[in-house]
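Trainee: I would like a close look at a single part of this protein. Please take one helix and its surroundings, and go through them slowly.

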Amino acid sequence: MLKISIISIFPEYLKPLELSLLGKAQEKGLISIDIHDLRKHATDPHHSVDDTPYGGGAGMVMSAEPWGLAIDEVSNSEAEFDLIVLTPAGKKFDQQMAMSFSKKENLIFACGRYEGIDARVSKYYAEKRNFKVHEVSIGDYVLGGGEVATMVIVEATARLIPGVLGNPQSLKEESHTLTNKDGSLVEYPNYTKPANWRGLEVPEILLSGNHGEIEKWRIKEAERRTQALTKE
Ligand code: JEB
């Protein structure tokens, strides 16, 4: 079972993870998702979790110690831990990373706010606690914090765990279409009934029943769409 712990000052932002697909996966015992409030680990009377940056500059930085206390609390066993720190400066999240996360035992997501988390938190868990630390970004745009990025990564990761998806065939087909010579191909276009919708017909080949030709057409369409995206 994959154990996911998420730490945030806005634990209520993460509520959607308990719904639908992922809620069912938790009921089935395939994954667990525990959401933790960083502020419970604030060490000062005002429960602050941020401070001014060394070296000056705009904005505030999240202090290391509340993070240290929160991460220590969710990792108090001899298990292996992977710490995922969301940051716009991280390695770009992709399907390959989702695949690798889905095979882990324990994932801890650190959702920062403000200008991010004191850099020593990542260093400490990598060097002193032997965690695998992954600094990850979901794309080249700036979010207000790590919560939405965590939801993206948890959803992409959890659906790869056997039994989480309703239909295992769709995972197989997906990995099939996602693998060509250079590794990534977008999906072919999908159609369902009616065959004529507002004057637009479904491509005739899909009505032919010729599965060999249909498969060839789908690969060709996927390659055409991939080409169109790769251009300019
Ligand atoms: C993740 C975050 C902030 C500079 C300006 C603003 C914590 N793809 C992504 N874009 N932005 C984030 C992200 C991911 N993953 C992201 C964590 C934090 C943005 N901020 C705001 C940080 N640095 C704070």
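Mentor: What follows is a look at helix α2 and the residues around it, with the rest of the chain as background.

The model is a predicted one. Its secondary structure comes to seven helices and nine strands. The C-alpha atoms fill a box of roughly 70 × 45 × 35 Å along the principal axes. Of the 232 residues, 38% are buried. Take the contacts between residues at least 6 apart in sequence: 74% of them join residues at least 24 apart. Keep that figure in mind when we come to what covers the helix.

Helix α2 runs over residues 64-74. Which of its residues are buried? They are Pro-66, Trp-67, Gly-68, Ala-70, Ile-71 and Val-74. Some of these positions can be read against the geometry of a helix. An α-helix has 3.6 residues a turn, so residues three or four places apart point the same way. With that in mind, find Trp-67, Ala-70, Ile-71 and Val-74 in the structure, which are among the buried residues of the helix.

What covers these buried residues? The cover includes the strands β1 (2-8), β2 (31-37), β4 (61-62), β5 (82-92) and β6 (106-110). Helix α4 (120-127) is also part of the cover. Trace each of these elements in turn, and then return to the helix.

Now consider Asp-72, which is in helix α2 as well. Asp-72 counts as partly exposed because its relative accessible area is 30%, and the buried class ends at 20%. Asp-72 forms a salt bridge with Arg-129, with the closest N and O atoms 3.0 Å apart. This pair links distant parts of the chain, since Arg-129 is in the loop between α4 and β7, 57 residues away from Asp-72. Arg-129 is partly exposed too, with a relative accessible area of 28%. Side chains of opposite charge can pair when their charged atoms come close.

Just past the helix, Ser-75 is found in the loop between α2 and β5. Is Ser-75 buried or exposed? Ser-75 counts as buried, because its relative accessibility is 2%. Leaving aside residues up to four places away in sequence, Ser-75 touches Phe-81, Ile-108, Arg-129 and Phe-131. Arg-129 therefore comes up twice: it is a contact of Ser-75, and it is the salt-bridge partner of Asp-72, with a relative accessible area of 28%.

Stay in the loop between α4 and β7, where Asn-130 is also found. Asn-130 has a positive phi of about 60° although it is not a glycine. Its relative accessible area is 71%, and so Asn-130 is exposed. Tyr-114 also has a positive phi, near 55°, without being a glycine. Tyr-114 has its place in the loop between β6 and α4. With a relative accessible area of 37%, Tyr-114 is partly exposed.

Another salt bridge joins the side chains of Arg-120 and Asp-118, at 2.7 Å from N to O. Arg-120 counts as exposed at 53% relative accessibility, whereas Asp-118 counts as buried at 17%. The structure holds eight salt bridges.

For a further example away from α2, go to helix α7 (residues 211-230). Glu-221 and Arg-224 both lie in α7, three residues apart, about one turn of the helix. Their side chains meet in a salt bridge of 2.5 Å, N to O. Glu-221 is buried, with a relative accessible area of 11%, while Arg-224 counts as partly exposed at 48%. Leu-229 lies in α7 too and counts as exposed at 63% relative accessibility.

One last feature concerns the surface. Tyr-141, Leu-143, Val-148 and Val-152 form a nonpolar patch there, with about 330 Å² of accessible area together. Tyr-141 lies in the loop between β7 (132-137) and α5 (147-158), and counts as partly exposed at 44% relative accessibility.

To return to the part you asked about: six residues of α2 are named as buried, from Pro-66 to Val-74, while Asp-72 is partly exposed and pairs with Arg-129.

Terms used: Residues numbered from 1 in each chain as written. Predicted model: local features only at pLDDT ≥ 70, side-chain atom pairs only at ≥ 80, totals over all residues. Heavy atoms only, no water. Helix = DSSP H or I, 4+ residues; strand = E, 2+ residues; numbered from the N terminus. Buried < 20%, exposed > 50% of the residue type's maximum accessible area, 1.4 Å probe, protein only. Contact = heavy atoms within 4.5 Å. Patch = residues over 30% accessible without salt bridge, like charges linked within 9 Å, V, L, I, M, F, W, Y side chains within 5 Å. Areas by Shrake-Rupley, 256 points an atom, 1.4 Å probe, with all protein chains shown as cover. Salt bridge = Lys/Arg side-chain N within 4 Å of Asp/Glu carboxyl O.
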